[in-house]
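Please consult the sequence and the structure shown below while reading this briefing. The topics are charges over rings, aromatic pairs and strand pairing.

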Amino acid sequence: MQKLNIALLGYGRMGKAIEKIAVSRSHTIVYKTSDTPELTELKKADIAIDFSIPTAAFENIKCCLENNIPVISGTTGWLENYAKAEEICAKNQGSFLYASNFSLGVNLFFELNQKLAHFMQAFDNYNVSIEEIHHTKKLDKPSGTAISLAEGIINNHQSYDQWKLEEKNAVQSTNIPIIAKRIPDVPGTHHVKYTSSIDEIEIKHTAHSREGFALGAVVAAEYTYNKKGIFSMRDVLQIDKL
């Protein structure tokens with residue numbers, strides 16, 4: 001495995017967890033910042049991992065791509081600019097991987113969610129809903145993971161065409177209701193429920209710590225280094241080969 005020099009853009013709890021995992025895998029953290037990256041320092045890195053804040057993420061990604069630095073981003077809440085990031089990556093022949101959640105388990109959960117949605121579209125007596133629970137310091141609502149789950153259902157279930165943040169389960173419509181809760185010290189829990197008048201089918205993922213997210217981000221960096229293009233965790237996990 002190639003030993004990487006890594007820049008951490010965003011050095012909060014996730015940044016610190018990524019640092020610990022990266023060092024344990026023989027990588028070196030050459031730069032870390034919670035502010036606007038300093039280009040001279042950033043250029044020391046083989047790859048950057050962005051876990052900053054929604055208002056900073058796009059500029060961080062843009063800076064990396066325009067300076068030939070591969071970048072991994074797990075920041076959510078900035079996706080109105082995702083298409084621009086793709087354009088910048090293509091223009092500069094760069095390397096970019098975004099994931100709403102880097103947990104290897106969550107990405108397997110995404111695949112299960114899509115398969116279940118495909119099965120359930122034949123049964124119109126079930127209403128779907130999503131609930132997500134995170135720590136109180138999480139800035140965006142709903143979580144990027146919940147949005148990815150909703151999009152996975154929309155792409156595989158003909159009865160739904162959009163999602164909507166709700167305070168409680170809504171009356172059945174073409175909207176997928178997402179209920180977002182914020183509770184201290186919860187790394188992340190996601191439920192997808194199909195409810196009928198007689199029973200309920202539920203799939204659930206519960207994170208026990210941030211280590212799973214951190215490990216996935218480092219594995220994604222290892223995968224993306226020395227590649228060109230736009231990637232996802234499906235590429236990292238080689239889902240199509242399973």
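**Charges over aromatic rings**

The charged end of Lys227 is placed over the ring of Tyr223, at 4.1 Å from the centre of that ring. The model discussed here is predicted. A further lysine, Lys16, lies over the face of Tyr11, and here the distance to the ring centre is 4.3 Å.

**Aromatic pairs**

- Searching the whole structure yields 7 aromatic pairs.
- One of these joins Phe51 and Phe102, with 5.8 Å from centre to centre and 50° between the planes, and the pair is classed as tilted.
- Phe51 belongs to the loop between strand E3 (47-50) and helix H3 (54-66), while Phe102 belongs to the loop between strand E5 (95-98) and helix H5 (104-120), so this pair ties together parts that are 51 residues apart in sequence.
- Phe51 and Phe102 are both buried.
- The ring centres of Trp78 and Tyr98 are 5.7 Å apart and the ring planes stand at 90°, so this pair is edge-to-face; the angle is over 60 degrees, the cut-off for that class.
- Trp78 is found in the loop between strand E4 (71-73) and helix H4 (82-91), and Tyr98 is found in strand E5, so the pair ties together parts that are 20 residues apart in sequence.
- Trp78 and Tyr98 are likewise both buried.
- One aromatic cluster is formed by Trp78, Tyr82, Phe96 and Tyr98.

**Strand E3 and its partners**

- In a regular strand, side chains alternate between the two faces of the sheet.
- Strand E3 is covered on both faces: Ile47 and Ile49 are buried on one side, and Ala48 and Asp50 are buried on the other.
- Strand E1 (residues 5-9) pairs with E3 in the parallel sense, over 4 bridges.
- Within E3, Ile49 is the residue that stands opposite Leu8.
- E3 also pairs with E4 in the parallel sense, over 3 bridges.
- Which residue in E4 is the bridge partner of Ile49? The partner is Ile72.
- From E3 the chain crosses through H3 to E4, and this β-α-β crossover is right-handed.

**Points to locate in the structure**

- Ile49 can serve as a starting point: Leu8 stands opposite Ile49, Ile72 in E4 is the bridge partner of Ile49, and Ile49 itself is buried.
- Tyr98 may be examined next, as a residue that pairs edge-to-face with Trp78 and that belongs to the aromatic cluster with Trp78, Tyr82 and Phe96.

Terms used: Residues are numbered from 1 along each chain as its sequence is written. This is a predicted model: local features need pLDDT of at least 70, side-chain atom pairs count only at pLDDT 80 or more; totals for chains, interfaces and linings use all residues. Side-chain values use heavy atoms; hydrogens and water are left out. Rings of Phe, Tyr and Trp (its six-membered ring) pair if their centres lie within 6.5 Å; planes under 30 degrees apart count as stacked, over 60 as edge-to-face and the rest as tilted. Helices (H or I, at least four residues) and strands (E, at least two) are DSSP runs, numbered from the N terminus. Buried means under 20% relative accessible area, exposed over 50%, partly exposed in between (1.4 Å probe, protein chains only). A charge sits over a ring if NZ of Lys or CZ of Arg is within 6 Å of the ring centre and within 35 degrees of the ring normal. Two strands pair if DSSP finds at least two bridges between them. A crossover is right-handed if, with the strands pointing away from the viewer, the path from the first strand over the helix to the second runs clockwise.
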